[in-house]
Amino acid sequence: DVAGTGGGGGGTTAAESVSQAGAASGGTDISFQLENTGSSDVTLSSISVAVQNGPAKEVDNPGGKEVTGGDGAIDGSFNLGDPVSFSTDPTIEDGETETFTIGQFRKNNDDPEDVSGRTVEVTINFADGSGETYTLSP
């Protein structure tokens, strides 16, 4: 008897419930939307960001937060490619869409870097242990 397998959520992970909605936009900052099509709220726990084919090396927003959205944030610079935990974990309620903003992208010399036209990969880990990579083209 295998009754009870799949957990209380019917086997659907947060990553399976969340999808990118619409196109990404931006320059030295990028914005994108994530939609929760599931029947339960999902909480994001960490994020990793990578930019293909460009000199951007870090995200640093002096005087502001580096990642915002879903009532959560990352307040502190981080290197591209490194996973970083949210200072305040964002939540996307069931059936809702949240806009997330990441920035400013910066080069090694600390100058802002416009990532328009480049591929930006955003990997999000959810509180339930699942994860998903979203490929953005701002």
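**Close-up views of the predicted model**

Threonine 37 counts as exposed, since its relative accessibility is 51% (buried means under 20% relative accessible area, exposed over 50%, and partly exposed in between, with a 1.4 Å probe and protein chains only). The model is predicted, so local features need pLDDT of at least 70 and side-chain atom pairs count only at pLDDT 80 or more, while totals for chains, interfaces and linings use all residues. Residues are numbered from 1 along each chain as its sequence is written, and side-chain values use heavy atoms, with hydrogens and water left out.

**View 1. Threonine 37 in its loop, with valine 18.** Threonine 37 belongs to the loop between E2 and strand E3 (42-51); strands (E, at least two residues) and helices (H or I, at least four residues) are DSSP runs, numbered from the N terminus. Along the chain, threonine 37 and valine 18 are 19 residues apart. Their C-alpha atoms are separated by 6.1 Å.

**View 2. The hairpin of strands E1 and E2.** Strand E1 (residues 18-26) and strand E2 (residues 29-36) run antiparallel and are joined by six bridges; two strands pair if DSSP finds at least two bridges between them. Two residues form the hairpin connection from E1 to E2. Opposite alanine 21 stands glutamine 33, a residue of E2.

**View 3. The open sheet E7-E4-E11.** Three strands make up an open sheet in the order E7-E4-E11, and their pairing is antiparallel. Strand E7 (78-79) and E11 stand at the edges; each has a single partner strand, so one side of each is left without a neighbour in the sheet. Two bridges hold the antiparallel pairing between strand E4 (residues 58-59) and E7. Valine 59 has phenylalanine 78 in E7 as its bridge partner.

**View 4. The hairpin of strands E12 and E13.** E12 pairs with strand E13 (residues 131-136) in the antiparallel sense, over six bridges. Glutamate 121 and threonine 135, the latter in E13, stand opposite each other. Four residues lie between the two strands of this hairpin, and glycine 129 in the turn has a positive phi of about 95 degrees.

**View 5. A cis peptide bond at glutamine 104.** The peptide bond that joins glycine 103 and glutamine 104 is cis, with omega about 0 degrees. Glutamine 104 is placed in the loop between strand E10 (97-103) and strand E11 (105-106).

**View 6. Two aspartates with positive phi.** Aspartate 71 is a residue other than glycine with a positive phi, near 65 degrees. The loop between strand E5 (67-69) and strand E6 (72-74) holds aspartate 71, which counts as exposed because its relative accessibility is 77%. Aspartate 110, also not a glycine, has a positive phi near 75 degrees. Aspartate 110 is in the loop between E11 and strand E12 (120-126), and with 39% relative accessibility this aspartate counts as partly exposed.

**View 7. A patch of negative charge.** On the surface, Asp41, Asp71, Glu93, Asp94 and Glu96 gather in a patch of negative charge. Patches are made of residues with over 30% relative accessible area and no salt bridge; like charges are joined within 9 Å, and nonpolar side chains (Val, Leu, Ile, Met, Phe, Trp, Tyr) within 5 Å. One member of the patch, aspartate 94, is found in the loop between strand E9 (91-92) and E10. Aspartate 94 counts as partly exposed because its relative accessibility is 38%.

**View 8. The salt bridges of glutamate 113.** Side chains of opposite charge can pair when their charged atoms come close. Two salt bridges are found in a search of the whole structure; a salt bridge is a side-chain nitrogen of Lys or Arg within 4 Å of a carboxyl oxygen of Asp or Glu. Glutamate 113 forms a salt bridge with lysine 107, where the closest N and O atoms are 3.6 Å apart. Glutamate 113 also meets the side chain of arginine 118 in a salt bridge, at 2.8 Å from N to O. Salt bridges that share partners thus join Lys107, Glu113 and Arg118 into one network. Within the network, glutamate 113 is buried, its relative accessible area being 7%. Lysine 107 is partly exposed at 27%, and arginine 118 is partly exposed at 21%.

Note on methods: Accessible areas come from the Shrake-Rupley method with a 1.4 Å probe; for residues, only the protein chains shown count as cover. Lys and Arg count as positive and Asp and Glu as negative; His and the chain ends are not counted. The place of a charge is taken as NZ of Lys, CZ of Arg, CG of Asp or CD of Glu.
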